[in-house]
Amino acid sequence: MKKAIKFTVAIFVIAGLILIFGKREWFPEFYRPQFMGVMAFISAFLIILPSLIFKFPDDPLKQKTLKFFQNVLITALLLNGLGALGFYNFYKIGLEYDKLLHFITPFLSVMALGRFGFNWYEWNFKKSIILSAVLVIIGGFLWELFQFLGDTFFKTQMMGYYGKFIIKDTVWDLIMNLFGITAGVLGLIIFKSRIGRDYTKY
């Protein structure tokens, strides 16, 4: 693993250990330390997972594609982790950190998945865009389901604004997801000549 990956994994592992084994009084009331600690370990595992699944290639283009995919994954997990640690509370001062994430994450995910499909699996450009958009749409709904299950079984407060305004928040989350996905698709189209292979052949 590269230094950035090792460093990020170390951050999540250390955070997980502190959350799980730390005293409850160390943390704000809205924290669910045990649950958050487990999620930190899962995040660390997800970061190294691409390296376990995909053998680092000799092809420079595929190397860049895999690195970009991992960088997007690291960025998304770090931003979400910061939200869980308290950045979501910025809504109280008018900064919708949650909505920002629901735009940035789908945008970056579509860009990463589209590029990955095109350069790694050598799908045609149209297929790469459609599949990346569909996967991110499905991922958005699964995330909302995950939040619902977390709130139901682990007494977290992931839905809404720490358990408030749940329906309104969920609707806007899905809307921002669509905005992010649309921006990602447009980004792939606009910057297609910089992504990798010779598009004139496809």
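Analyst: Start with a definition. A helix is a DSSP run of H or I with at least four residues, a strand is a run of E with at least two, and both are numbered from the N terminus. Lys64 lies in helix H3. The model is predicted, so local features need pLDDT of at least 70 and side-chain atom pairs need 80 or more, while totals for chains, interfaces and linings use all residues. Residues are numbered from 1 along each chain as its sequence is written, and side-chain values use heavy atoms, without hydrogens and water.

User: What makes up the secondary structure of the protein chain?

Analyst: Seven helices and zero strands. Along the sequence the pattern reads α-α-α-α-α-α-α.

User: How do you know whether the radius of gyration agrees with a compact globule?

Analyst: Set it against the rule: 2.2 Å times the number of residues to the power 0.38, with the radius taken over C-alpha atoms. For 202 residues a compact globule would come near 17 Å, and the protein chain has 18 Å, which agrees. The C-alpha trace spans about 60 × 35 × 30 Å along its principal axes.

User: Why is Lys64 called exposed?

Analyst: Relative accessible area decides (buried is under 20%, exposed is over 50%, partly exposed is in between, with a 1.4 Å probe and protein chains only). Lys64 has 54%, so it counts as exposed. Its C-alpha is 9.5 Å from that of Asn119, and the two are 55 residues apart in sequence.

User: Which class do Leu49 and Leu52 fall into?

Analyst: Leu49 has 25%, so it is partly exposed. Leu52 has 58%, so it is exposed. Leu49 lies in helix H2, residues 33-53, and Leu52 lies in H2 as well. From Leu49 to Gln70 the C-alpha separation is 9.3 Å, with their positions 21 residues apart along the chain. From Leu52 to Phe7 the C-alpha separation is 17 Å, and they are 45 residues apart along the chain. Over the whole protein chain, 40% of the 202 residues count as buried.

User: How many aromatic pairs does the search find, and why is Phe27 with Tyr31 called stacked?

Analyst: The whole structure holds 13 aromatic pairs. Rings of Phe, Tyr and Trp (its six-membered ring) pair if their centres lie within 6.5 Å; planes under 30 degrees apart are stacked, over 60 edge-to-face, and the rest tilted. The centres of Phe27 and Tyr31 are 5.9 Å apart and their planes meet at 20°, so this pair is stacked. Both residues are buried.

User: Why is the pair Trp143 and Phe146 called tilted?

Analyst: The centres are 5.1 Å apart and the planes stand at 35°, so the pair is tilted. Trp143 and Phe146 are three residues apart in helix H5 (residues 125-153), so about one helical turn separates them. Trp143 is partly exposed at 28%, and Phe146 is partly exposed at 25%.

User: What links Phe54, Phe69, Phe116, Trp120, Tyr121 and Trp123?

Analyst: Ring pairs link these six residues into a cluster.

User: How do you know that Lys62 lies over the face of Trp120?

Analyst: A charge sits over a ring if NZ of Lys or CZ of Arg is within 6 Å of the ring centre and within 35 degrees of the ring normal. Lys62 is 5.6 Å from the centre of the Trp120 ring. Arg115 has its charged end over the ring of Phe68, 4.7 Å from the centre.

User: What is notable about phi of Glu122?

Analyst: Phi is near 60°, a positive value in a residue other than glycine. Glu122 sits in the loop between helix H4 (97-119) and H5. At 48% relative accessible area, Glu122 is partly exposed.
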